[in-house]
Amino acid sequence: MSDRILVLVRHGQSEWNLKNLFTGWRDPDLTEQGVAEAKRAGALLKAEGLKFDVAFTSLLSRAQRTLSLVLGEMGQAGVETLASQALNERDYGDLSGLNKDDARAKWGEEQVHVWRRSYDIPPPGGESLRDTVARTLPYYNQEILPRVLRGETTIVTAHGNSLRALIMVLEKLSPEGIMKREVLTGVPMVYRMRADSTVEDRRDLAV
């Protein structure tokens with residue numbers, strides 16, 4: 001097996017996840033459950049014997065706090081950490097802050113489903129997943145992937161849709177395939193990669 005390791009972790013449950021609100025670029029904190037999920041992710045990664053050389057995260061506090069809790073649980077709090085807006089969650093525009101059931105009542109279940117699950121149709125004032133890929137993927141290619149390929153063990157804590165952008169490339173998924181891919185909060189996804197950047201192995205760490 002190679003030693004080119006990339007770990008992706010979606011932030012732990014946030015207060016707005018719990019309240020069933022569209023979050024996007026809004027900045028709620030983690031719930032108690034979210035804190036527990038982040039610590040459990042750290043414990044699982046520690047049990048794997050991983051030692052990170054570099055960490056990447058978004059500008060949003062739920063992802064940053066998740067990373068801090070993961071690294072703290074591993075005894076690796078001093079890891080070099082880089083934060084970028086490129087890894088922020090998809091911007092839900094006019095839906096941000098709305099309860100998902102209220103949004104369905106206002107625009108109709110079919111329309112809200114299209115905004116949530118289509119690849120290239122954005123909600124009003126927001127981003128589609130294609131838009132999210134367009135800002136996340138260049139950052140991955142320029143900043144994250146080169147360090148993985150140099151053999152630096154790398155962790156990225158981010159969000160459901162910004163991580164989908166990376167997963168789409170790593171797992172060679174179609175636009176239809178990536179929209180069906182669930183990304184659970186606080187579950188580390190460990191990728192081992194070949195020198196040509198293709199994935200050799202992937203495992204999800206769960207209790």
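Visitor: In which loop does Glu89 lie?
Guide: This is a predicted model. Strand 3 covers residues 80-83, and helix 4 covers residues 100-107. Glu89 belongs to the loop between strand 3 and helix 4.

Visitor: Is Glu89 buried or exposed?
Guide: The relative accessibility of Glu89 is 8%. Buried means under 20%. Glu89 therefore counts as buried.

Visitor: Which residues does the UniProt annotation "active site" cover?
Guide: The annotation comes from an unreviewed UniProt entry. Glu89 is one of the residues it covers. The annotation names His11 and Glu89.

Visitor: Why do these annotated residues gather at one spot?
Guide: They span 79 residues in sequence. Yet no two of their C-alpha atoms are more than 10.5 Å apart, so they gather at one spot. The lining of the largest pocket also includes them: His11 and Glu89.

Visitor: Where is His11 found?
Guide: Strand 1 runs over residues 4-10, and helix 1 over residues 15-18. His11 is found in the loop between strand 1 and helix 1.

Visitor: Is His11 buried or exposed?
Guide: His11 has a relative accessible area of 2%. The limit for buried is under 20%. His11 is therefore buried.

Visitor: What joins the side chains of His11 and Arg62?
Guide: Arg62 is among the residues in contact with His11, leaving aside neighbours within four places in sequence. Others include Asn17, Ala63, His159 and Gly186. The side chains of His11 and Arg62 are joined by a polar contact of 3.3 Å.

Visitor: Which residues does Glu89 touch, not counting residues up to four places away in sequence?
Guide: Arg62 and His159 are in contact with His11. Glu89 touches them as well. The full list for Glu89 is Gly24, Trp25, Leu60, Arg62, Glu127, Arg135, His159, Gly160, Asn161 and Ser162.

Visitor: What does the side chain of Gln76 reach?
Guide: Gln76 lies in the loop between helix 3, residues 61-74, and strand 3. Gln76 counts as buried, at 10% relative accessibility. Phe52 is one of the residues Gln76 touches, along with Leu50, Lys51 and Leu71. At 2.8 Å, the side chain of Gln76 reaches the backbone nitrogen of Phe52.

Visitor: How many aromatic pairs does the structure hold?
Guide: A pair of aromatic rings is described by the distance of the centres and the angle of the planes. In this structure, the number of aromatic pairs is three.

Visitor: Why is the pair of Phe22 and Tyr92 tilted?
Guide: The ring centres of Phe22 and Tyr92 are 5.2 Å apart. Planes under 30 degrees apart count as stacked and over 60 as edge-to-face, with the rest tilted. The pair is tilted because its planes are at 50 degrees.

Visitor: How many residues apart in sequence are the parts that Phe22 and Tyr92 tie together?
Guide: Phe22 lies in the loop between helix 1 and helix 2, and Tyr92 in the loop between strand 3 and helix 4. Phe22 counts as buried at 1% relative accessibility, and Tyr92 counts as buried at 10%. The parts that this pair ties together are apart in sequence by 70 residues.

Visitor: Which aromatic pair is edge-to-face, at 80 degrees between the planes?
Guide: The centres of this pair are 5.3 Å apart. One partner, Trp107, is partly exposed at 29% relative accessibility. The other, Trp115, is buried at 8%. The edge-to-face pair is Trp107 and Trp115.

Visitor: Which residue has its charged end over the ring of Phe22?
Guide: Phe22 also pairs with Tyr92. The charged end over the Phe22 ring is 5.6 Å from the ring centre. The residue is Lys100.

Visitor: How far apart in space are Ala134 and Leu69?
Guide: Ala134 lies in helix 6, residues 129-149. Ala134 is exposed, with a relative accessible area of 53%. Ala134 and Leu69 are 65 residues apart in sequence. From C-alpha to C-alpha, their distance in space is 29 Å.

Visitor: What is the phi of Lys172?
Guide: Most residues other than glycine have a negative phi. Lys172, in the loop between helix 7 and helix 8, has a positive value. Lys172 counts as exposed, at 66% relative accessibility. Phi of Lys172 is near 55 degrees.

Conventions
Residues are numbered from 1 along each chain as its sequence is written. Side-chain values use heavy atoms; hydrogens and water are left out. UniProt positions are given in the numbering used here, feature names are shortened, and annotations may be inferred rather than shown by experiment. On a 1 Å grid over the protein atoms alone, a cavity is a set of points where a 1.4 Å probe fits but cannot get out, and a pocket is an open set with protein on both sides within 12 Å along at least five of seven lines; lining residues have an atom within 4 Å of a point. Helices (H or I, at least four residues) and strands (E, at least two) are DSSP runs, numbered from the N terminus. Buried means under 20% relative accessible area, exposed over 50%, partly exposed in between (1.4 Å probe, protein chains only). Contact means heavy atoms within 4.5 Å. A polar contact is a pair of N or O atoms within 3.5 Å; within protein, one must be able to donate a hydrogen and the other to accept it, and residues adjacent in sequence count only if both atoms are side-chain atoms. Rings of Phe, Tyr and Trp (its six-membered ring) pair if their centres lie within 6.5 Å; planes under 30 degrees apart count as stacked, over 60 as edge-to-face and the rest as tilted. A charge sits over a ring if NZ of Lys or CZ of Arg is within 6 Å of the ring centre and within 35 degrees of the ring normal.
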